[in-house]
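Please open the model in a viewer with side chains available for display. The tour below proceeds by selection, with a short account of what each one contains.

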Amino acid sequence: MEQITKRNEAVKDSKQTRMLCYQCQETAGNKGCTVSGMCGKVPEVANMQDLLIYVTKGLSAVTTKMREKKLAVDENVNHRVTFNLFTTITNANFDNESIKNRIKDTLLEKERLLKKLNDEDKEKLPEAALWNGDESEFEKKAKEVGIMDTENDNVRSLRSLITYGIKGIGAYSKHANALLKDNPEIDAFIQKALAATLRDDISVDNLVSLALEVGKNGVAVMQLLDKANTDAYGEPEITKVNIGVRKNPAILVSGHDLRDLEMLLEQTKGTGVDVYTHSEMLPACSYPAFKKYENFVGNYGNAWWQQKDEFEKFNGPILMTTNCIVPPKESYKDRLYTTGATGYPGCKHITGGYGEKKDFSEIIEHAKKCPPPTEIEKGEIYGGFAHEQVIKLADKIVDAVKSGAIKKFVVMAGCDGRAKSREYYTAFAKALPKDTVILTAGCAKYRYNKLDLGMIGDIPRVLDAGQCNDSYSLVVIAMKLKEAFGLDDINALPIIYNIAWYEQKAVLVLLALLSLGIKNIHLGPTLPAFLSPEVVDVLVDKFDIAGITTVENDMEIFFG
């Protein structure tokens, strides 16, 4: 609670600061970044991202009114909204000009759609739906529409929670859209929820309900993306992933977008250029469709925050398909390419819309001129424990639980980060009793997926379901175990939730779990800075949300 109070003290003076951003776990002092972002985001970019969210909410208010009037909303408009949301996620886009261009295009789209509404309908729209300034007004307007535009602390807190959760939905929707999969109901909800955050007459209780509805739609969008990925690339298989290197020049692919990886693998066939995954792209190594590529070697490196050292040693070009970008060193900046919603000033951006084939020839030719990767480790790690694979092991798992060989499952999904406090998760994994199994998804796994934690029978003690969006697999696994044990309450399962968070997709995963009625979730290494004390109290009272303490104390809490 003390960290929340400190955050409140910071935001009271925020109108005197150059920026205010507190959407990620590493926000300065767990209060808010006010001079520059801990992520490397400068105030100008932070403010333009605030304005992009504002105009996207305005566009969403227009489309929501159109749907009320039974007017059709084109899928390209839906894609614009989700792409805008993804652009503002932590560590995705640092390119101010590209963000300004998205603001301009969004305003043009909004003005086009406004013409479809009559004057009476327009009068009922919020100011964000009617504002249409030119670029010369952007900077001034951006400073008026940031976080502190909402004065009431609890309303501001809940609006932030909802907005950040919707950013997570937008990111996952964007990945599904890239595979030409859409869910119009999810898009309509995104826009309706964004529009609702503009209302001054919405109660705190209604905002809490809306936050849980964000979680419900989070489950739906993760299901959509899961099906999009498996329809395109097959069900992930239990796989031993190579973490060593070969002697060929290579390209490193980071982020989450499997469609970008597929296009790159197609274009590198027979070129003599190898391809490696990095960070959240690691789970791609377990999809059957990618295993047919002889130049697809394995995974290089660890979680996103170590990229400055690892990208330098990789020697070849790096393709950033989504967040997380760490501002690059000059030594490899010319080797860093962005695509999709990502961007960084001075780095080449590879364009391509939904359904279009991106041209990766430049990055491939660049790779041919580079030395092969420097080896940083050897060996193999397990992957591919998505829901279908674990369900195939269900009988063995149930038998192991009934026999006492497995006493508890520990969900340690979520994000990794730079903070020294995150060493807690490595120590926690090491300290777990030998009769526990870790269920993980997301880059948090890099804190323990290379530890020798052994097996329980022929079941590895770390079951890696995949990317952060594959937290859906953990939900499916929990539901299957609930069914297998004949339980009425998911909270009666022998499952502990000790989740690390960093950015907005993790906020969505948390809301998704809460929407399913899951309680006793421990969240760390800190509680979100954007939560007011009263909102924290609601989460504690309704869902028994808690933070983390020390490994020794938490072991007593979980296993005492």
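Begin by selecting Lys141, which is buried, with a relative accessible area of 10%. Please keep in mind that this is a predicted model.

Next, add Glu127 to the selection. The Lys141 and Glu127 side chains form a salt bridge, with an N to O distance of 3.0 Å. This contact joins distant parts of the chain, since Lys141 belongs to helix H7 (residues 138–144) and Glu127 to helix H6 (residues 127–130), 14 residues apart. In contrast to the buried Lys141, Glu127 has 44% relative accessibility and counts as partly exposed.

Which residue forms a further salt bridge with Lys141, the closest N and O atoms being 3.9 Å apart? Select Glu144: this residue is the partner at that distance. Glu144 and Lys141 are three residues apart in helix H7, so about one helical turn separates them. The relative accessibility of Glu144 is 37%, which places this residue in the partly exposed class. Now extend the selection to Lys140, and the whole network is displayed: Glu127, Lys140, Lys141 and Glu144 are joined into one by salt bridges that share partners.

Move to Lys110 and Glu111. Their side chains meet in a salt bridge at 3.1 Å, N to O. Are the two residues buried or partly exposed? Lys110 is buried, because its relative accessibility is 0%, under the 20% cut-off for that class. Glu111, at 25% relative accessibility, is partly exposed.

To place these contacts in context, display every salt bridge in the model: the count comes to 37.

Finally, select helix H2, residues 43–68. How far does helix H2 reach from its first C-alpha to its last? The span is 37 Å over 26 residues, close to the 38 Å expected at 1.5 Å a residue. Colouring helix H2 by accessibility shows that the helix is mostly covered, with 22 of its 26 residues buried. Then step to Lys70, just after H2, and inspect the backbone: Lys70 takes a positive phi of about 65°.

Methods. Residues are numbered from 1 along each chain as its sequence is written. This is a predicted model: local features need pLDDT of at least 70, side-chain atom pairs count only at pLDDT 80 or more; totals for chains, interfaces and linings use all residues. Side-chain values use heavy atoms; hydrogens and water are left out. A salt bridge is a side-chain nitrogen of Lys or Arg within 4 Å of a carboxyl oxygen of Asp or Glu. Buried means under 20% relative accessible area, exposed over 50%, partly exposed in between (1.4 Å probe, protein chains only). Helices (H or I, at least four residues) and strands (E, at least two) are DSSP runs, numbered from the N terminus. The expected span of a helix is 1.5 Å times one less than its number of residues.
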